[in-house]
Amino acid sequence: MSTTEDNVREILAKTFPDKDLSSEDNLVTSGEIDSMSAIMLVGELEDEFGISISPLDMTPENFASATTIAALVDRLEQD
Amino acid sequence: MREMKSKASNVVDWLQRSANLYPDKVAFDDGTRSVTFAQLYKQSCAVATRLAREGAVREHVAILLPRSVGQVISMMGVACAGGCYVVLDDGSPADRLVSIIKTFKPAVLITCDRTAEMGETLLPGRCIRLKDACNEAPNDSLLADIHLAAKPSDLLYVLFTSGSTGTPKGVMVTHANVLAYVGWFSTCFAIGPDTVFGSQTPLYFSMSVSDVFSTICCGATLFLIPRMLFAFPVRLISWLNERKVNTLYWVPTALGIISRWDVLSVAPLKSIANVMFAGEVMPTPTLNYWMDHLPAAHFANLFGPTETTDICAYYKVTHRLADGEPLPIGHACEGCRTAIVREDGSLAAPGEEGELYVAGPFVAAGYLNDAARTRASFVQDPFDASDPRPVYRTGDIVRLGEDHEMRYVSRKDTQIKRSGYRIELGEVEAAATACAGVASCAAVFEATKNQIVLFCTGRGFDSEALTSALRARLPKYMMPDRIETLRSLPVNRNGKTDRRALLAVCSVKA
């Protein structure tokens, strides 16, 4: 696992404290992500990685799991 | 159209009429399932016949289903059986559902595969699967008999709302209430067969009564927006555009998600013509964002409690307000009467603050099995001793502006609105007090941060145990954002908990 994914996992643990989310879990289909947690999560990700997440990046595909979120972060960090 | 509406004496009349006029038009669609008006009527008759077979004619029936077309079929099925329904929140903790069931005392509970297990614990042996009920052969003559015996004063549903002592209050709403209220809503906003709703509010909240029943009344089409889409706002916009949604009736928080992400700059809405909102204060900057992006659309602020079916006053936005200017809540709905009343019971002068009282056919029939609270809030008309119809004291403090439009000031009590949800802080406190080790507590609402902060005193409880105790009793939307422990709660000169002092503590600690 890359360090980005580790950090993302930590942030997820903070945003969803009662859930035990493995990289296989789908945040979207499990219904975990709702509008309030999405806003919180994006806030944390932007602060932690110094990136700017546009509404166009807010897709179920990008936010399906820690792995996909880490991939999004990596992409945005490169910009 | 207005005359036709008033000829109806029961919401089933509306469904029958729309099924005759628009049989193959999509009435409701939740993304998985879709029903036309003819199908909705037929399935409602099937469900009603099944309920009758269970002995549940003119009875209380509870509905425990996820957000879906199935909820609407169940609601109308109960109505066709002459009964009164409650739509339960399938995300509510078990304790809260048990409390509601205890007050509502349903004869039957409608469930589906997903909710069947919970259903069995709530009402063992008295659960019916919706899909089975839809397969029942309708008994037309029985249904006709039931319909003939129906009265406008019959209850249609009970809607449970947060109770300050911890037990949810059940607001009883009649067919007459819904006919009058939806008659107003659909006329005021020109709802018709061309209206396409993108419905946001859950079906266990009063706002859903407006779009669901005006759809049934007017032959409109209603798409239930999957909750998940609010986390993915650009997806939400595409979803609305694909379905040519032209009318929104949302809580301001939902509209705020779009403006916060500046979604409309990258993903414009193509078909929206009408945006109505209610349930909480609408921040003017949010409204201005929407008006800037939809210059041709009509916007309206609606205001009212569940106890007046949904709304009692409204304000159609006619001009752009400055970002810092609060939006008026407007004037009484046509057919409804409001009064602003001083503490001594006399009418407030224009500009003066007072409690909003509401009279007229939207006023609900009281709280289920709670004569004391009903007496306290549904009172004799203070200005007309000869009128026996009760007047509802909203507990909202308002004042009349120079433009004859009312403005909201505050609550009289500790009820708050957060993200459109009505929350009695007392209900949060009751849940905390139930945790072993908590000696006393007080919940306050920091409006600027939209946060509920819970202060507790006592020994022998830890934050984990307290959070579990709260989760067992409160739906997610009522959970406090922060929990602080104090040695003792500050007290004011009257010996009551000093909530202002607690709010001051909040801002220091932040």
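Start by selecting B:T309: its relative accessibility is 0%, so this residue counts as buried. Before you go on, keep in mind that you are looking at a predicted model.

**Stop 1: two residues with positive phi in loops**

With B:T309 still selected, trace the backbone around it. The residue belongs to the loop that joins β13 (298–303) to β14 (313–316) of chain B. Check its backbone torsion too: phi of B:T309 is near 70°, a positive value in a residue that is not glycine. Most residues other than glycine have a negative phi.

Now select B:S419, which also has a positive phi without being a glycine, near 55°. You will find B:S419 in the loop between β21 (415–418) and β22 (421–424) of chain B. Is B:S419 buried or exposed? Its relative accessible area is 14%, under the 20% cut-off, so B:S419 is buried.

**Stop 2: strand β11 and its partners**

Next, select residues 247–250 of chain B, which form strand β11. Show the side chains and look at each face in turn. B:T247 and B:Y249 lie on one side, B:L248 and B:W250 on the other, and all four are buried, so both faces of the strand are covered.

Add residues 196–199 of chain B, strand β9, to the selection. β9(B) pairs with β11(B) in the parallel sense over three bridges. To line the two up, find B:F197, which stands opposite B:T247.

Then add residues 274–277, strand β12 of chain B. Here too the pairing with β11(B) is parallel, over four bridges. Which residue of β12(B) does B:Y249 stand opposite? It is B:M276.

**Stop 3: strand β4 and helix α5**

Move to β4(B), residues 84–87. B:C84 and B:V86 point one way from this strand, B:Y85 and B:V87 point the other way, and all are buried. β4(B) pairs in the parallel sense with β3(B) over four bridges, and B:I63 stands opposite B:V87.

Continue to α5(B), residues 94–104. Colour its buried residues: B:R96, B:L97, B:S99, B:I100, B:I101, B:T103 and B:F104. What do these buried residues pack against? Their partners in chain B are β3 (60–63), β4, α6 (116–122), β7, α16 (425–433) and α17 (463–473). Just past the end of the helix, stop at B:K105, where phi is positive, about 50°.

**Stop 4: the cavities**

Switch on a cavity display if your viewer has one. Rolling a probe the size of a water molecule over the atoms shows where empty space is left. The structure holds three cavities of 30 Å³ or more.

The largest has a volume of about 210 Å³. Its lining has 22 residues, and those closest to its centre are B:V87, B:L159, B:F160, B:Y204 and B:F205. You met B:V87 at the previous stop, as one of the buried residues of β4(B). The elements of chain B that give two or more residues to this lining are β4, α5, β7 (155–161) and α10 (207–218). Colour the lining by class and you get 18 nonpolar, two polar and two charged residues.

The second largest cavity has a volume of about 50 Å³. To see its lining, select B:N10, B:R58, B:G82, B:G83, B:I146, B:A149, B:A150, B:D154, B:L155 and B:H175. By class, these are four nonpolar, four polar and two charged residues.

**Stop 5: a glutamine in helix α3**

Select B:Q43 in helix α3 of chain B, residues 37–53. At 17% relative accessible area, under the 20% cut-off, B:Q43 is buried. Which residues does B:Q43 contact beyond its neighbours within four places in sequence? Show B:R33, B:V35, B:I73 and B:C134 to see them.

**Last stop: chain A**

Finally, hide chain B and display chain A as a cartoon. Chain A has three helices and zero strands, running α-α-α from the N terminus. Of its 79 residues, 46% count as buried. Now turn on contacts: among those in chain A with a separation of 6 or more, 57% join residues 24 or more positions apart. A surface view completes the picture, with an accessible surface of about 4100 Å², 47% of which belongs to carbon and sulfur atoms.

Technical notes:
Residues numbered from 1 in each chain as written. Chains lettered and ligands numbered in written order. Predicted model: local features only at pLDDT ≥ 70, side-chain atom pairs only at ≥ 80, totals over all residues. Heavy atoms only, no water. Buried < 20%, exposed > 50% of the residue type's maximum accessible area, 1.4 Å probe, protein only. Pairing = 2+ DSSP bridges. Contact = heavy atoms within 4.5 Å. Areas by Shrake-Rupley, 256 points an atom, 1.4 Å probe, with all protein chains shown as cover. 1 Å grid on protein atoms, 1.4 Å probe; cavity = no way out; pocket = protein on both sides within 12 Å on 5 of 7 lines; lining within 4 Å. Points joined across faces, edges and corners; volume = space filled by probe spheres on them. Nonpolar A, V, L, I, M, F, W, Y, C, P; charged D, E, K, R; others polar.
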